[in-house]
Structures are given as C-alpha cells and as structure tokens.
Amino acid sequence: MSSIPVVAVVGATGAVGREMLKTLHDRGFPASKVLAFASAKSAGDLVPFGDDELEVHELKEDSFDGVDLAIFSAGGATSTKFAPHAVKSGCTVVDNSAAWRMDPRCPLVVPEVNPDALENHKGIIANPNCSTIQMVVVIKPIKDAAGLERVVVSTYQAVSGTGRKGMDELERQVRDLFNGRDPENNVYPCQIAFNILPHIDIFMDNDYTKEEMKMVNETVKILDDPSVKVTATCARVPVFFSHAESVNVQTAKHLSARDCRALLSQAPSIAVLDNPREGIYPTPLACGGTDEVFVGRIRDDESIENGLNMWIVADNVRKGAALNAVQIAEELLKRDLLRVPDRDAFLS
Ligand code: A2P
C-alpha cells in the first residue's frame, strides 16, 4: 500500500454511500484519491464530496486495481460478487451488507465494542446491521460492569434503512394520501405511511424475520459470547431517519437504573438523555444527523431481580452504517492493518 491509501466507495449514489463519502470527507480520512462506484446506470453521474464532486464509475471486477480500501454499501449481491475481486487486487474491504457478516473468516466489528477482532482479518471486514450496532454500543459497557444474561429488544426502524427507495416510497405515499390518491406499495408489502409493519426482510422457518435473526446472531458474534440470550421483534415505522429500540436487559449482578445511567454517561460514543419529567429523552427526529448513540428512559425492571429497561436511538445511516464503516477503516489504518494476507482467500 502507498503511504496514503486510495479509497473507493461502492454504492456511492445510494443513501448510505453518499453518507460514507460525507463521513470520509468530514472526518478528514487520509486518502490520496477517492473513487465512487455504482451500477452501470449511474456511470458519469456526479456525487458530492465536500465542496467537490466525484464522477461515478461503473463497478467492474477490475475496478479495484490500485485501490487500497473499498467501503461497500451496494447490497448483498454486489458484495458477494465483487468483494472477493477487490481482495484479489490487494484491496481491503469494509462491507455494509449482510453478505459476509456471519462468515467465520470475516470479523464483524463495532470499534467501541470489539476492535481487536480486526487483527486477524483476511481482507473483508463486515459492518453489522444498523439495529445491532446501536444496541451493542450500549449493552457492552453493561455486560462489562454486571454481566449479561438476556436481551429482549423491539425495534422501531426508519425507512432509510431500506435505502433511497424506502424514503421515496414513504414520501410518495404521504403525498398521494394528502392528494386523495390511493398510495401504491412498491417497496414494502403494505402501506408504510401512517402505519407500522412488523416485517423487515424475509420470514424464516422459525417465523422470525431475517432482520430479527440478524440482531440475535450478530450480537452473539460481536460480543463473542454465545451464553448471552437475545430475542428480537423488528418493526418498520414511517420515520425517515434514526432507529429507536426498546431494550430490556437481564444482568448477572444487580445494576440499578441510577448506576446504569452513570455507567453509560462515561461510555464511548453514548449520550444519556434521561430526564423524562423535563421531557428529556431521545427521539428519532432529534437524533437524526448526529454521531452518538442516545439512551434514555433507563428504568429498573420491577418484574425481575436484575433487569433494566431502556430506550436507545441512533441515526441508522450514520452510526448504524456509514460512520461505523469509516470508524472501522480508521481503526484499520491506526493498527496498520490495511493489507490483504491472502489474495485468494475469498475466490473459490
Ligand atoms: P445505482 O444508483 O447505480 O443503482 P440504496 O441502498 O440507497 O438503494 O443504494 C444502493 C447503491 O448500490 C446505489 O449506489 C446503487 O447504484 C448501488 N448498486 C446497486 N446495484 C449495483 C451493482 N450491481 N453494481 C454496483 N453498484 C450497485
């Protein structure tokens, strides 16, 4: 690798890809060159990068020649097909899709939680699911302080989690309804405007959705602790940005709500907003466009001995996707891990 890396963003025209470019720019990520890739239909388009614009190139198998780091957010199929070619070219990949998350060769990393997992990477590092990221940032300090036995989470997820098309569908349906037209459902299985859908991603054989099982399996992988029991219900709500989560945790040792508030106030990347009588608690609207994970409504669970309830909100496009991916890239650089030990590791 040259001393200052050449960086590529794959999916640069999408909701997360654009935020990745903005995050790389705003955090001053050291790059000798930044390249933007998307599908053939976007070739020649321009995407913003600070005060400049970058020309979008069609993604091809040989796009990664001379690229040191590629951050992907172009869906699982694109990552499955192209990330191995990137590695073959000697490029380290940080992938935001679900394609590589549970692959034992790929670390699944939230830098505040398990940065050491990067040490033995083989070329592809997976960025976790947005809902998982904001939850593990909060439950890790609780686990370290009091042990963690069980987590019960219910999510309220924004439409930006579905990308540009999810936001467009909510906006179009609201317009249609206010103009007396029947709203069409093209992206979601039923109307999302003024509704809540307990259905994110496909249903699995056990009647959970794939999104719910991602939260279960990814949390265990990130915490590297199969003894932690996790169960999830994920819902899509008509909100543009920021996912909210109601989280109930059962700890091994007693941790009072007051001590939990104090603990989380000191934890990295967390902002405690918890004075409900003064109307202080996190909401998706207020948390949009920010980098922190916000926690409020911290309460003792009076139905069990060592239980806590809380409400966690974060911008799903930032900490839930683009920011976490760029933080992984920063950590790789800091640890001098921007290298590929075996270029054939992912090409069968
Ligand atoms: P494009 O705009 O050319 O379709 P979102 O999640 O907001 O829908 O964005 C998805 C991103 O993934 C877009 O940048 C999209 O590019 C990109 N993408 C989708 N399919 C491909 C592909 N086959 N090759 C490269 N980029 C792709």
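V228 sits in the loop between α5 and β9, with helices (H or I, at least four residues) and strands (E, at least two) taken as DSSP runs and numbered from the N terminus. The model is a predicted one, so to speak of local features a pLDDT of at least 70 is needed, side-chain atom pairs count only at pLDDT 80 or more, and totals for chains, interfaces and linings use all residues. Residues are numbered from 1 along each chain as its sequence is written, and side-chain values use heavy atoms, with hydrogens and water left out.

Despite its loop address, V228 is buried, at a relative accessible area of 2%; buried here means under 20%, exposed means over 50%, and partly exposed covers what lies in between (1.4 Å probe, protein chains only). Leaving aside neighbours within four places in sequence, V228 is in contact with K143, L148, E149, V151, V220 and L223, where contact means heavy atoms within 4.5 Å. One of these partners, V151, lies 77 residues from V228 in sequence, and the two C-alpha atoms are 7.6 Å apart.

The loop that holds V228 also holds D224, between α5 (210–223) and β9 (229–236). D224 has a positive phi of about 55 degrees without being a glycine. Unlike the buried V228, D224 is exposed, with a relative accessible area of 66%. A second non-glycine with positive phi is S242, at about 85 degrees. S242 belongs to the loop between β9 and β10 (243–251), and its relative accessible area of 0% makes it buried. So much for the loops.

Moving on to regular secondary structure, T155 is part of strand β8 (residues 148–157) and is buried, with a relative accessible area of 2%. Its contacts, not counting residues up to four places away in sequence, are S131, M215, T233, C234, A235, A244 and E245. T155 and V313 are 158 residues apart along the sequence, with 9.7 Å between their C-alpha atoms.

Over in helix α3 (residues 130–146) there is V137, another buried residue, at 3% relative accessibility. V137 touches V110, E112, V113, P268, I270, V293 and K319, again with residues up to four places away in sequence set aside. P268, one of those partners, is 131 residues from V137 in sequence, with a C-alpha to C-alpha distance of 8.2 Å.

K33 belongs to strand β2 (residues 33–38). With residues up to four places away in sequence not counted, K33 touches P5, V6 and V7. K33 and L338 are 305 residues apart along the chain, and their C-alpha atoms are separated by 15 Å.

Next come the cysteines. A search of the whole structure turns up 0 disulfides, a disulfide being a pair of cysteine sulfur atoms within 2.5 Å. C190 is in no disulfide, and the nearest cysteine sulfur, that of C234, is 16 Å away. C260 is in none either: the nearest cysteine sulfur, that of C287, is 17 Å away. As for accessibility, C190 counts as partly exposed at 37%, whereas C260 counts as buried at 0%.

Zooming out, the protein has 8 helices and 13 strands. Its radius of gyration is 20 Å, close to the 20 Å that the globule rule gives for 348 residues, so the protein is as compact as a globular protein of that length. The radius is taken over C-alpha atoms, and the rule is 2.2 Å times the number of residues to the power 0.38. Along its principal axes, the C-alpha trace spans about 60 × 55 × 45 Å.

Buried residues make up 53% of the 348 residues. Among contacts between residues at least 6 apart in sequence, 68% join residues at least 24 apart. The protein exposes about 15,500 Å², and carbon and sulfur atoms supply 48% of that; accessible areas come from the Shrake-Rupley method with a 1.4 Å probe, and for residues only the protein chains shown count as cover.

Finally, the charges: the mean positions of the 36 positive and 49 negative charges are 1 Å apart. Lys and Arg count as positive and Asp and Glu as negative, while His and the chain ends are not counted. Each charge is placed at NZ of Lys, CZ of Arg, CG of Asp or CD of Glu.
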